[in-house]
Amino acid sequence: MAMQGGTALQEKVSRMLSRKQKKPVLKPNKPLVLKDEVANRKIKKGEATCVTEMSMMMACWKQNNFVDTLCSNEMQSFYKCVEKAQIAVKDKSEQQTIGQSGRLQPKQATTLLKRYPNLHIEV
């Protein structure tokens with residue numbers, strides 16, 4: 001069974017090589033070597049929180065000509081929601097720095113790759 005897989009691979013490689021010079025027909029436009037860095041992409045931000053509380057507060061302000069004392073209940077509910085959201089974001093970021101998420105941040109991956117670089121030998 002393993003022998004058949006090996007012969008199939010040999011046939012595929014022989015089709016990809018030119019018959020005259022035994023060089024690949026397709027030439028890569030970049031070297032076939034892994035880089036020692038990762039693209040530094042920003043982490044996607046979550047959806048907006050406390051939108052309903054904020055809209056209730058703004059509607060109250062509009063009805064009462066932007067007087068804060070008349071809209072104190074709406075303002076308190078908005079501020080409580082914001083505090084809860086900030087605590088949730090902080091807890092989530094602490095879990096990610098601990099490594100419980102299972103993925104490395106791009107900056108962490110780049111530092112590890114710089115510490116342990118790849119061999120720069122083209123295939």
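A residue counts as buried when its relative accessible area is under 20%. C81 is a good place to try this out: at 18%, C81 falls under that cut-off, so C81 is buried. The structure it belongs to is a predicted model, and everything below describes that prediction.

Start with the overall layout. The chain has four helices and zero strands, and reading along the sequence gives the plain pattern α-α-α-α. Out of 123 residues, 11% count as buried. The chain exposes about 11,800 Å², with carbon and sulfur atoms supplying 58% of that area. As for who touches whom, take the contacts with a separation of 6 or more: residues 24 or more positions apart account for 60% of them.

Next come the cysteine links. The count is two disulfides. One of them joins C50 to C81, with an S to S distance of 2.0 Å. C50 sits in the loop between helix 1 (2–16) and helix 2 (51–63), while C81 belongs to helix 3 (residues 72–98), so this pair ties together parts that are 31 residues apart in sequence. About the S-S bond the angle is -95 degrees, and the link of C50 and C81 is left-handed. Like its partner C81, which is buried at 18%, C50 is buried, with a relative accessible area of 8%.

The other link is formed by C60 and C71, whose sulfur atoms are 2.1 Å apart. Here C60 lies in helix 2 and C71 in the loop between helix 2 and helix 3, so the parts being tied together are eleven residues apart in sequence. The torsion about the S-S bond of C60 and C71 is about -95 degrees, so this disulfide is left-handed. C60 is buried at a relative accessible area of 8%, and C71 counts as buried at 0%. Number the bonded cysteines in sequence order and the pairing comes out as 1-4, 2-3. In other words, C50 goes with C81, and C60 goes with C71.

Helix 4 (residues 106–115) shows what a helix with a buried side looks like. Its buried residues are P106, A109 and T110. They cover an arc of only 100 degrees around the axis, which puts them on the same side of helix 4. There is a simple reason to expect such patterns: an α-helix has 3.6 residues a turn, so residues three or four places apart point the same way. The face of helix 4 turned away from the buried side carries the exposed residues K107 and R115.

Helix 4 also takes part in a charged pair. Side chains of opposite charge can pair when their charged atoms come close. The structure holds one salt bridge, and it is formed by E37 with K114, the closest N and O atoms being 3.6 Å apart. E37 lies in the loop between helix 1 and helix 2 and K114 in helix 4, so the pair ties together parts that are 77 residues apart in sequence. Unlike the bonded cysteines, which are buried, neither partner here is tucked away: E37 counts as partly exposed at 47% relative accessibility, and K114 counts as exposed at 52%.

Methods: Residues numbered from 1 in each chain as written. Predicted model: local features only at pLDDT ≥ 70, side-chain atom pairs only at ≥ 80, totals over all residues. Heavy atoms only, no water. Helix = DSSP H or I, 4+ residues; strand = E, 2+ residues; numbered from the N terminus. Buried < 20%, exposed > 50% of the residue type's maximum accessible area, 1.4 Å probe, protein only. Contact = heavy atoms within 4.5 Å. Areas by Shrake-Rupley, 256 points an atom, 1.4 Å probe, with all protein chains shown as cover. Disulfide = S-S within 2.5 Å. Arc of directions from axis to C-beta. Salt bridge = Lys/Arg side-chain N within 4 Å of Asp/Glu carboxyl O.
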